[in-house]
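Trainee: Before I go back to the bench, could we go through this structure together?
Mentor: Yes. Have the sequence and the coordinates open, and ask as we go.

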Amino acid sequence: MKKLEDAYKACFKDSEPAYHIFSPYCVCPLGAHVDHQHGLVTGFALDRGIDILFSPTEDGQVVMVSTLFGGQITLNVRETTHKIDYNWGDYLRGALWVIQQKYKLHQGLQGVVIGSMPSGGIASSAALLCGFVAALAHVNGLVLSQEEIVSIAFRAEHHYIGLNNGILDQSCVTLCKKNQLLFLDTETSEHRLIPFGDDDAEEREVPFKIAIFYSGVTRSLTNTDYNLRVEECRTAASILQAYEEQTPGTDDHLLRHTSQQVFERYATSMPPRFARRARHFFTECDRVREGINAWQEGDIEQFGELIFESCESSILNYESGSPQLIALYRILRSTPGVYGARFCGAGFIGSCFALIDPDEEGAIRERLASEYLQQFPMYGDAIRSFICESHGGLEWL
């Protein structure tokens, strides 16, 4: 907290901070790459994330400074903007643009943003967006539901920035609870929070921790094949709908709107690339269903094995993963004490996460660093590992 207050006072010498929001990072254990097709997903929020310390401004000016993303962003809530600068300010402008569609804003804010891990596959953009939306709403006296925060953050990233994502990350940042698995149907927005093993899971110690292993490689998702994969999934859906002589609406080419039975009927007739994308979608939704059962039964080994299977499908069928991420995953899969592991986020950049036995933490870290650097010695100064616990969503401190 002192580090945050010192950063605020260094930037805004004549002001005292008034509010503090913690916006968590998150991971998706099962449900990889399916939210943009309205599939079934799961998520954990982490006890690491983004802290925003801020105060209102009377003139509508927004001044945000970040050591995580770099530099200062300035805008005004009484003005409209459609500018894209290809930096973290685009997320703030996007959030403001969405809010302005419904609400008239008068108060701005000034604040600092500090993150506790390098960005890259841990939903740092969703954490920033949801935290900023909550802060801006608060200083303007707006009472937003959790679902409204999710919607605003999603629309900012999807419609303003141009990333064809779904609502998974924003939902985890906003809706999660400690030691409970978030299940989300991204078609209907129905969600459930599921305790591990029994109803007392929130009160007792769970038999795992969540480890994040940062590869040393980060870049924006808009510069990867993420949007291409979304379009390939939509194409796969349109092919299946054509085989069945369906006539969906223009925006209805989603794999959720066809069936696994239809896919199995025509899989060998489809172009292989699109068949692989569809196969990942349907098998991943099956893994979510199986994973929920394993989680409810307290079977961490089975839950972890499904996470491994998810990553294998991400590599083979979805064709995501860089050489660095695949190396991290392969090492984790063969390491004692790792229940399950897969790529974080979209799986093109950044990090892998693993569910681990807390008693094996030191050995896991040591083996991973040693074997990874044998393959990629150039990242010796950049790789990082973090051991986390699950956490609730957005929190006022």
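Core, helix and sheet

Mentor: In this predicted model, the largest nonpolar core has 101 residues, and Met64, Leu109, Ile210, Ile212, Leu255, Phe303 and Leu355 touch the most other members.

Trainee: Which helix gives the most to this core?
Mentor: The count to look at is residues contributed to this core, and the top figure is 12. The helix giving that number spans residues 124-139 and is helix 3.

Trainee: What span should helix 4 have at 1.5 Å a residue?
Mentor: Helix 4 covers residues 146-161, which is 16 residues. The expected span counts one less than the number of residues. The end C-alpha atoms of helix 4 are 22 Å apart, which agrees with the expected 22 Å.

Trainee: Which helices do the buried residues of helix 4 pack against?
Mentor: The buried residues of helix 4 include Ile149, Phe154 and Tyr160. Their packing partners are helix 2 (89-100), helix 3 and helix 5 (168-175).

Trainee: Which strands stand at the edges of the open sheet?
Mentor: Four strands form the sheet in the order 9-10-8-11, with antiparallel pairing. Each edge strand has a single partner strand, so one side of it is left without a neighbour in the sheet. The edge strands are strand 9 (338-343) and strand 11 (384-388).

Trainee: In strand 11, which residue is the bridge partner of tyrosine 214?
Mentor: Strand 8 (residues 209-214) pairs with strand 11 in the antiparallel sense over five bridges. In strand 11, the partner of tyrosine 214 is arginine 384.

Key:
Residues are numbered from 1 along each chain as its sequence is written. This is a predicted model: local features need pLDDT of at least 70, side-chain atom pairs count only at pLDDT 80 or more; totals for chains, interfaces and linings use all residues. Side-chain values use heavy atoms; hydrogens and water are left out. A nonpolar core is a set of buried Ala, Val, Leu, Ile, Met, Phe, Trp, Tyr and Cys residues joined through side-chain atoms within 4.5 Å. Buried means under 20% relative accessible area, exposed over 50%, partly exposed in between (1.4 Å probe, protein chains only). Helices (H or I, at least four residues) and strands (E, at least two) are DSSP runs, numbered from the N terminus. Contact means heavy atoms within 4.5 Å. Two strands pair if DSSP finds at least two bridges between them.
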